[in-house]
Amino acid sequence: AGIKKDLHLHSLRGSCGTYLLDHGVSPEAVQHQLRHATLNTTMKYYLAYTEAQKNRDQEIINDVMNSI
């Protein structure tokens with residue numbers, strides 16, 4: 001696909017955590033899966049991203065609906 005970006009195992013791990021949370025897996029289960037010592041760590045890195053993504057998605061939805 002011509003993507004010129006280094007891919008690291010940690011990036012895949014982060015994507016997995018975000019994907020699981022986005023699909024309704026409980027934060028505690030994601031914490032266990034990623035082997036975080038505390039739930040705070042899981043929420044600090046992954047919930048912030050998913051909330052940001054939700055906000056971006058809502059902006060797109062609003063733009064589409066306002067253009068109708």
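1. Burial of T18. In this predicted model, T18 counts as buried, because its relative accessibility is 12% and the cut-off for burial is under 20%. The residue belongs to helix α1. Once its neighbours within four places in sequence are set aside, the contacts of T18 are Y46, Y49 and T50. Y46, Y49 and T50 also appear on the α3 side of the contact between α1 and α3, and T18 itself is listed on the α1 side.

2. Confidence. The chain has a mean pLDDT of 85, with 97% of its residues at 70 or more. Among the elements, helix α2 (residues 27-34) has the highest mean pLDDT, 94, while helix α1 (residues 9-22) has the lowest, 82. A reader weighing the points on T18 may wish to note that T18 lies in α1, the element with the lowest mean.

3. Packing of α1 on α3. The axes of α1 and helix α3 (residues 39-66) are 9 Å apart and make an angle of about 60°. The arrangement of α1 relative to α3 is therefore oblique. The crossing of α1 past α3 is right-handed. From α1 the contact draws on R13, G14, G17, T18, L21 and D22, and from α3 on Y46, L47, Y49 and T50. By class, these residues comprise four nonpolar, four polar and two charged.

4. Packing of α1 on α2. Here the axes come within 9 Å and cross at roughly 160°. Since angles over 145 degrees count as roughly antiparallel, α1 is roughly antiparallel to α2. As it passes α2, α1 again makes a right-handed crossing. On the α1 side the contact is formed by R13, G17, L20 and L21, and on the α2 side by P27, V30, Q33 and L34. Five of the residues in this contact are nonpolar, two are polar and one is charged. R13, G17 and L21 take part here and are also found in the contact of α1 with α3.

5. Packing of α2 on α3. For this pair the axes come within 9 Å, and the crossing angle is roughly 100°. The two helices are therefore roughly perpendicular to each other. The residues involved are P27, E28, V30, Q31 and L34 of α2, together with L39, T42, M43 and Y46 of α3. Their classes are six nonpolar, two polar and one charged. P27, V30 and L34 of α2 serve in this contact as well as in the contact with α1. On the α3 side, Y46 faces α2 here and is also listed in the contact of α1 with α3.

6. Backbone at R35. The loop between α2 and α3 holds R35. Although R35 is not a glycine, its phi is positive, at about 60°. The side of the question that concerns solvent is settled by the relative accessibility of 71%, which means that R35 counts as exposed.

7. K5 ahead of the first helix. K5 sits in the segment before α1. Its relative accessible area is 68%, so K5 is exposed. How far apart are K5 and A52 in sequence and in space? The two are separated by 47 residues along the chain and by 23 Å from C-alpha to C-alpha.

Definitions and conventions: Residues numbered from 1 in each chain as written. Predicted model: local features only at pLDDT ≥ 70, side-chain atom pairs only at ≥ 80, totals over all residues. Heavy atoms only, no water. pLDDT = per-residue confidence, 0-100. Helix = DSSP H or I, 4+ residues; strand = E, 2+ residues; numbered from the N terminus. Buried < 20%, exposed > 50% of the residue type's maximum accessible area, 1.4 Å probe, protein only. Contact = heavy atoms within 4.5 Å. Axes fitted to C-alpha atoms, helices over the stretch in contact; angles between N-to-C directions. Parallel < 35°, antiparallel > 145°, perpendicular 65-115°, else oblique. Left-handed = near helix turned anticlockwise from the far one by under 90°. Nonpolar A, V, L, I, M, F, W, Y, C, P; charged D, E, K, R; others polar.
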